[in-house]
Amino acid sequence: MKDGFGRSIDYMRISVTDRCDLRCKYCMPEEGIKKVDKSKILNYEEIMRVCSVAIELGINKFKITGGEPLVRYDLMKLLRGMKALPGCEEVTMTTNGQLLPQYIDEIADIGIDGINISLDTLKPERYRDITRVGDLSKTLEAIDLCIEKGIKTKLNCLLQKDFNEDEIKDLTDFALGKDIDIRFIELMPIGVADAERGLSNEETMHCIKDIYPEIQEDHRKHGNGPAVYYKVPGKGGSIGIISAVHGSFCESCNRIRLTSMGYIKPCLCYEEGVFIRPYLEKEDDELRQVFKEIIKFKPARHCFENVRAVDHSAMAIIGG
Ligand code: SAM
Ligand code: SF4
């Protein structure tokens with residue numbers, strides 16, 4: 001359906017949990033976030049009901065995220081259920097990959113439409129440092145298993161000054177060498193993130209052009225997101241740049257977000273939204289109406305470039 005600015009909204013990111021097995025320094029405080037009481041978290045039936053109504057309104061592509069989606073009990077049941085929803089066009093997931101190897105057979109069997117795996121470094125000690133507790137080898141294994149199973153796989157990478165900016169070439173070569181896409185995302189000023197440490201899209205592009213002077217724009221459709229893609233002639237995967245802070249993709253933004261507590265957020269940058277749970281007890285008509293209202297007040301654009309920190313919530317709760 002169209003929002004108040006005529007944009008077609010057809011995509012919803014669904015955070016299924018605020019919990020995570022990692023503690024990435026830009027996403028969570030060391031002690032983790034204050035855990036939301038489980039009774040406040042939407043159950044699978046509730047999530048499926050929200051999705052069914054969303055599909056009726058034309059929102060038929062879903063990204064499962066978190067926190068870490070794979071720490072949620074019985075996630076496979078939800079993925080299977082969502083894939084079977086009439087009219088559902090796409091179910092994809094974003095994960096840190098740590099638990100993926102143990103679920104890969106089932107995920108492949110479910111027929112997931114794509115997996116984004118977060119990978120900021122190829123150095124085991126740096127991985128442990130940025131995630132505080134993670135084991136790089138598990139995420140690398142997850143990437144290989146996804147590729148082996150024929151799952152459309154993309155890497156997400158956050159670049160930070162004096163941390164991993166020296167790995168742009170290694171990370172890109174790693175992805176392109178496996179014929180998969182890598183996307184560099186600007187660090188957003190949310191929660192504990194110090195956005196000033198993040199590399200801007202321009203700085204990243206400058207480095208990439210130095211490394212691959214032969215790079216060309218890649219106009220093929222790669223997914224539903226705001227990434228701008230580039231291709232290195234002769235290489236399989238592409239390089240995506242997601243200008244989450246300095247970008248001007250708001251005019252084509254197609255998404256809304258559902259947090260694990262059932263809060264529907266029309267824009268990542270603002271707190272405004274609606275708790276959907278009370279409406280789940282009502283008839284479909286009323287639920288549809290609330291959805292329409294939420295989409296109508298989706299703001300024209302974000303304001304990340306004007307703020308130092310949007311500290312209304314941790315990224316893990318909103319579902320980055
Ligand atoms: N745990 C999963 C993962 O790490 O992929 C899914 C949730 S995580 C919040 C989703 C994505 O958000 C990750 O790729 C992570 O790097 C990114 N992220 C976290 N904090 C961010 C921030 N402040 N700015 C931009 N991206 C961020
Ligand atoms: Fe967990 Fe993902 Fe946040 Fe890292 S970025 S702490 S893996 S939710």
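How much space lies in the second largest pocket? Keep that question in mind as you open this predicted model; the answer is about 290 Å³.

**Stop 1: the second largest pocket**

Start by selecting Lys38, Ile41, Tyr44, Arg72 and Tyr73. Of the 14 residues that line the second largest pocket, these are the closest to its centre. If you colour the whole lining by residue class, you should find six nonpolar, two polar and six charged residues.

**Stop 2: the nonpolar core**

Now go to Met12. Together with Phe291, Met12 has the most contacts inside the largest nonpolar core, a set of 87 residues. Helix α1, residues 44–56, gives this core its largest share, seven residues.

Which residues does Met12 touch, leaving aside those up to four places away in sequence? Show Val50, Cys51 and Ala54 to begin with, then Ile59, Lys61, Phe62 and Lys63, and finally Ile256, Leu258 and Phe291; Met12 is in contact with each of them.

**Stop 3: helix α2**

Next, select residues 75–83, which make up helix α2. Among the residues here, Leu75, Met76, Leu78, Leu79, Gly81 and Met82 are buried. What do the buried residues of α2 pack against? Turn on the helices α1 and α3 (100–110), then the strands β1 (11–15), β2 (61–65) and β3 (90–95): these are the packing partners. As you look along the helix, it helps to know that an α-helix has 3.6 residues a turn, so residues three or four places apart point the same way.

**Stop 4: a closed space inside**

The count of cavities of 30 Å³ or more comes to one. About 50 Å³ of space lies in this largest cavity. To find the place, select its lining: Leu159, Phe184, Ile185, Glu186, Leu199, Ser200, Asn201, Thr204, Ile241 and Ile242. By class, that lining divides into six nonpolar residues, three polar ones and one charged one.

Which elements each supply at least two residues of this lining? Show strand β6 (181–185), helix α7 (201–211) and strand β9 (238–242), and you have them.

**Stop 5: two loops**

From the cavity, follow the chain into the loop between β6 and α7, where you will meet Gly191. Gly191 is partly exposed, with a relative accessible area of 26%. Add Cys27 to your selection: Gly191 and Cys27 are 164 residues apart in sequence, yet their C-alpha atoms are 6.8 Å apart in space.

For the other loop, move to Lys235, which sits between β8 (228–231) and β9. Is Lys235 buried or partly exposed? Its relative accessibility is 36%, so Lys235 counts as partly exposed. Draw a distance from the C-alpha of Lys235 to that of Lys178 and you should read 9.2 Å, with these positions 57 residues apart along the chain.

**Stop 6: an aromatic pair**

Finish with Tyr263 and Phe275. The structure holds one aromatic pair, and these two residues form it: the rings are tilted, 4.7 Å centre to centre, with 55° between the planes. Tyr263 belongs to strand β11 (residues 263–265) and Phe275 to strand β12 (residues 274–275), so the pair ties together parts that are twelve residues apart in sequence.

Try showing the surface here. Tyr263 counts as buried because its relative accessibility is 18%, below the 20% cut-off. Phe275, at 43%, counts as partly exposed.

Conventions:
Residues are numbered from 1 along each chain as its sequence is written. Chains are lettered from A and ligands numbered from 1 in the order in which they are written. This is a predicted model: local features need pLDDT of at least 70, side-chain atom pairs count only at pLDDT 80 or more; totals for chains, interfaces and linings use all residues. Side-chain values use heavy atoms; hydrogens and water are left out. On a 1 Å grid over the protein atoms alone, a cavity is a set of points where a 1.4 Å probe fits but cannot get out, and a pocket is an open set with protein on both sides within 12 Å along at least five of seven lines; lining residues have an atom within 4 Å of a point. Grid points are joined across faces, edges and corners, and a volume is the space filled by probe spheres set on the points. Helices (H or I, at least four residues) and strands (E, at least two) are DSSP runs, numbered from the N terminus. Ala, Val, Leu, Ile, Met, Phe, Trp, Tyr, Cys and Pro count as nonpolar, Asp, Glu, Lys and Arg as charged, and the others, Gly among them, as polar. A nonpolar core is a set of buried Ala, Val, Leu, Ile, Met, Phe, Trp, Tyr and Cys residues joined through side-chain atoms within 4.5 Å. Buried means under 20% relative accessible area, exposed over 50%, partly exposed in between (1.4 Å probe, protein chains only). Contact means heavy atoms within 4.5 Å. Rings of Phe, Tyr and Trp (its six-membered ring) pair if their centres lie within 6.5 Å; planes under 30 degrees apart count as stacked, over 60 as edge-to-face and the rest as tilted.
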